[in-house]
Amino acid sequence: MNRGDLRRVDINILIVFETMMLERNLTRTAEKLFLSQPAISAALNRLRDYFDDPLFVRNGRDMEPTSRAQALALQLSPALDTMSAALSSSLEFNPSTSSATFQFGLSDDVEYGLLPQLMRELRAEAPNIVLIIRRVDYWQMPLLLTSGEISMGVSYTKDLPANSKRKFLRNLSPVLLRADNAESSIDLDEYCSRPHALVSYTGEISGFVDVALEKLGKKRSVILAIPQFSSLPALLTNTDLIATVPDYVAEAMVRQCRLGLRMEPLPFSTPDFELSIVWRNALDFDPAEQWLRERFHKCMRNVSK
């Protein structure tokens, strides 16, 4: 195909194709693109005629891609990313007048420890923008980035999609959080004997802390697992419960809650974890997205001081 033949192709049906590859379902594809199901079906029929292939075959409620569709997706997705980036780079962004909507993901610790300060700074600089925040963790992040449900995310991250980028923000160092009246620091034996509250997104009650303790021949007692950080200060207050949380979250809790909370170093060594911001390649040069990523980075530097 030469460049002149591109006039025969409607880019909108290519967007339908890419979304169907992600959703594998007519209804979800229609909802994602704000189109009717008949419109999606019509676009798929045009795609099938153009590529002379069924592309998607019904399997129950889902639409399974053919081998031809899978091969096309590998070529089309990077091309659409490149087109999006080229078009975005020509746009201007003025935060003081913009009413743009941003959709991004935050892990619970970032939401608690970073979002309040970030919101104050964003409100001062860009009072008319809209933020839609999704709760993410390291296993949800790749799916939400790939599907386009978020444009960026801030969390501890592991494997990411090939069409995404990552930038280190800071190390997460775990510390001990307590709210009892005892004045002395907690040693290793007391740490293991005291009851623990744990923030667990998945409901698991063991993790990297328990791995570190096991190497020392020790074990702690977790009696409470909760899904988010917001209730932790009240749960610790006037009890013998202790918790192990990221340092910047503990600092925010001590600063904001004033419920007799205090933090101290753990009585044993644990690994640090990297907190990163990740985003889709297609938005690498988007002025608005660049601006928001830089505000995250700036805010994290201020939190770290």
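This is a short talk on the cores, the cavity, one pocket and one buried glutamate in this structure.

Keep in mind that the model is predicted.

Let's start with the packing. The largest nonpolar core has 42 residues. Three residues have the most contacts inside that core: Leu232, Leu236 and Phe296. Which helix supplies the largest share of this core? Helix H12, residues 287–304, with 6 residues.

Stay with Phe296 for a moment. Set aside its neighbours within four places in sequence, and see what Phe296 touches. Phe104 and Leu106 are in contact with Phe296. So are Leu114 and Leu118. Met152, Val154 and Ile277 complete the list.

Apart from the largest core lies another one. That core has 21 residues, including Leu14, Ala43, Leu55 and Leu80. As background, nonpolar side chains in soluble globular proteins tend to be buried together.

Now the empty space. How many cavities of 30 Å³ or more does the structure hold? The count is 1. The largest cavity has about 30 Å³ of space. Its lining includes Ala197, Leu198 and Val199. Ala243, Thr244 and Val245 line the cavity too, as do Arg220 and Leu232. Two elements give two or more residues to this lining: strand S8, 195–199, and strand S10, 242–246. By class, the lining has 6 nonpolar residues, 1 polar and 1 charged. Note Leu232: this residue lines the cavity, and Leu232 is also among those with the most contacts inside the largest core.

Next, the second largest pocket. Here we have about 860 Å³ of space. The lining runs to 27 residues. Nearest the pocket centre lie Tyr138, Tyr156, Val199, Tyr201 and Phe208. Val199 is a residue to remember, as it also lines the largest cavity. Several elements give two or more residues to the pocket lining: strand S5 (152–156), S8, helix H9 (208–215), S10 and strand S12 (273–280). Which strand gives the most? S10, with 3 residues. The class split for this pocket is 15 nonpolar, 7 polar and 5 charged.

Last stop, Glu264. This residue sits in strand S11, residues 262–264. Is Glu264 buried or exposed? Buried, because its relative accessibility is 10% and the cut-off is under 20%. What does the Glu264 side chain meet? The side chain of Arg178, through a polar contact of 2.9 Å. Leaving aside neighbours within four places in sequence, Glu264 is also in contact with Val175, Leu176, Ser185 and Ile186.

That's the tour.

Notes:
Residues numbered from 1 in each chain as written. Predicted model: local features only at pLDDT ≥ 70, side-chain atom pairs only at ≥ 80, totals over all residues. Heavy atoms only, no water. Core = buried A, V, L, I, M, F, W, Y, C linked by side-chain atoms within 4.5 Å. Buried < 20%, exposed > 50% of the residue type's maximum accessible area, 1.4 Å probe, protein only. Helix = DSSP H or I, 4+ residues; strand = E, 2+ residues; numbered from the N terminus. Contact = heavy atoms within 4.5 Å. 1 Å grid on protein atoms, 1.4 Å probe; cavity = no way out; pocket = protein on both sides within 12 Å on 5 of 7 lines; lining within 4 Å. Points joined across faces, edges and corners; volume = space filled by probe spheres on them. Nonpolar A, V, L, I, M, F, W, Y, C, P; charged D, E, K, R; others polar. Polar contact = N/O pair within 3.5 Å; in protein donor to acceptor, adjacent residues only side chain to side chain.
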